[in-house]
Amino acid sequence: MSGTGLVVVLAVLAVATAVGFVLRSRSGRVREVTEPTSPNGWVLADARPTADERVLLLQLSSPICTPCRQTAAMLDALAAAEPDVRHVEIDVADRPEVAVALSVLRTPTTVGFDRTGREVLRISGVPRHAELTEALHGVPRA
Amino acid sequence: MSTPDSSGDAVRPADPPLDPRGVRFAAAVTTVVLALVLVSGSGWLAAAQALVFALAAFAGMRFAPYGVLYRKAIVPRLGPPAEREEAAPVRFSQTVGFVFAALGAIGYLSGLTVLGIVATAFALMAAFLNAAFGFCLGCEMYGLLARVRTARA
C-alpha cells in the first residue's frame, strides 16, 4: 500500500472529472462569432453562393474520425432540408492550409459563414442539432 | 499484400472497425488496473498493463486482451453494436498508453518511484477520460499528428 499513490489516484480522478465536464460542455456547442478574423469562407470552400443560399457550413474533418462522419451526416441532412444552407466538408489532410487559416486544432470543427463570407459561428465536435438550427435562423441574409 | 498510401507509409494490415462500447469497456478496465498500480506501487502490475497495451498497439486490436474479454463475456449479453468506429486512432492511443505504462513500470522497478507515479498518473488520466466521458486523448492526437505530417510533406 502506498499512501502517496492513493492521494495521486484521487487527485488524478478529480482533475480528469473536471476536464471531462469542461470538454463535454464545450463539445457540439454553437459559439456565435461577433468579431471574426477568418478569411472569406466561400473562397476557402472554393464555392459561390447561389441566389438562395444564406449560410455556408464549412466542416473540417480528418481522414479517420468517427464524429466527423456523424457531423457530415447531420449537416448533409440539414442542408438538404434547408435550401438556404450549404454544407462543404474539407479534409484537413488534403488541405492543411484551411485548418491553419481558420486556426482549427480539432476535428470535426464546423465554421459557419454568412452569404458575404463573414464568419458567424463555430462548433467543435458533433453539433447540437436544435442549437445549430436556432443559430442558423438568426443569421441575417446579409 | 500491402500497398503504399499517398503519404508513402506502408499500410499495416487494417484492423476491422471496433465496437465503441468495447473501447469504453477496455478503458474502464485499464483505469482500474492503473489505479491499482498507483495504490500498490507495483512495477510488475504496470509492466503487465504495458504488455496489454503492446498487444493492442503492435499485434493489432483483435489481440487486445480486454477487447477479447469484452467480445467473449459481454457482447453475447448486449447484442451487436448499433455503430462501429475506426480502429486506427484507437490503436494509436494504445501505443501512447504503452509508452506511459512502460515508463511507469521502468520507474517503479528501477527505484525511480517519482517517474513511476507521474507516468502512471498520465496514463490513468487518459484512460479515465475515455472510460467516463468517451473522450479519447490518444485518438485526438492521432488526428492532430496526421495534420502535422501532411503539413510537412
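Trainee: How much of chain B counts as buried?
Mentor: Of its 153 residues, 46% do, buried meaning that 20 or more other C-beta atoms, placed from the backbone, lie within 10 Å of the residue's own. This is a predicted model: local features need pLDDT of at least 70, side-chain atom pairs count only at pLDDT 80 or more, and totals for chains, interfaces and linings use all residues. Residues are numbered from 1 along each chain as its sequence is written, while chains are lettered from A and ligands numbered from 1 in the order in which they are written.

Trainee: And what share of chain A is buried?
Mentor: 37% of the 142 residues in chain A.

Trainee: What is chain B built from?
Mentor: Chain B has 6 helices and 0 strands, these being DSSP runs (H or I, at least four residues; E, at least two) numbered from the N terminus.

Trainee: How many helices and strands does chain A have?
Mentor: Chain A has 5 helices and 5 strands. In sequence order they read α-β-α-β-α-β-α-β-β-α. The C-alpha trace of chain A spans about 70 × 30 × 30 Å along its principal axes.

Trainee: Where do the chains touch?
Mentor: On the chain B side, 25 residues are in contact with 27 residues of chain A, contact meaning C-beta atoms within 7 Å. The elements of chain B that give two or more residues to that side are α1 (20–40), α4 (87–110), α5 (113–133) and α6 (137–152).

Trainee: Which of those gives the most?
Mentor: α5(B), with 8 residues. By class, the chain B side has 17 nonpolar, 4 polar and 4 charged residues. Ala, Val, Leu, Ile, Met, Phe, Trp, Tyr, Cys and Pro count as nonpolar, Asp, Glu, Lys and Arg as charged, and the others, Gly among them, as polar.

Trainee: What about the inside? How many residues are in the largest nonpolar core?
Mentor: 53, a core being buried residues of the nonpolar class without Pro, joined through C-beta atoms within 7 Å. Residues with the most contacts inside this core include B:Leu34, B:Ala101 and B:Ala123. Two or more residues each come from α1 (3–26) of chain A and from α1, α2 (43–59), α3 (65–78), α4 and α5 of chain B. α5(B) gives the most to this core, with 12 residues.

Trainee: What does B:Ala101 contact?
Mentor: Leaving aside neighbours within four places in sequence, B:Ala101 is in contact with B:Ala46, B:Gln49, B:Ala50, B:Phe53 and B:Ala123. There is also a second, separate core of 23 residues, which includes A:Val30, A:Ala45, A:Val92 and A:Ile123.

Trainee: Back to the helices. At what angle do α2(B) and α4(B) pack?
Mentor: About 160°, with their axes 8 Å apart. Axes are lines fitted to C-alpha atoms over the stretch in contact, and angles run from 0 to 180 degrees between N-to-C directions. That makes α2(B) roughly antiparallel to α4(B), the cut-off being over 145 degrees. Among the residues that meet are B:Ala46, B:Gln49, B:Ala50 and B:Phe53 in α2(B), and B:Phe98, B:Ala101 and B:Ala105 in α4(B). The residues of this contact divide into 13 nonpolar, 6 polar and 1 charged.

Trainee: At what angle do α4(B) and α5(B) cross?
Mentor: Roughly 155°, their axes coming within 7 Å. α4(B) and α5(B) are therefore roughly antiparallel to each other. B:Ala101 is one of the α4(B) residues in this contact, and B:Ala123 one of those in α5(B). The contact of α4(B) with α5(B) has 9 nonpolar, 6 polar and no charged residues.

Terms used:
A residue is buried if 20 or more other C-beta atoms lie within 10 Å of its own, exposed if 12 or fewer, and partly exposed in between; C-beta atoms are placed from the backbone. Two residues are in contact if their C-beta atoms, placed from the backbone, lie within 7 Å. Angles under 35 degrees count as roughly parallel, over 145 as roughly antiparallel, 65 to 115 as roughly perpendicular and the rest as oblique.
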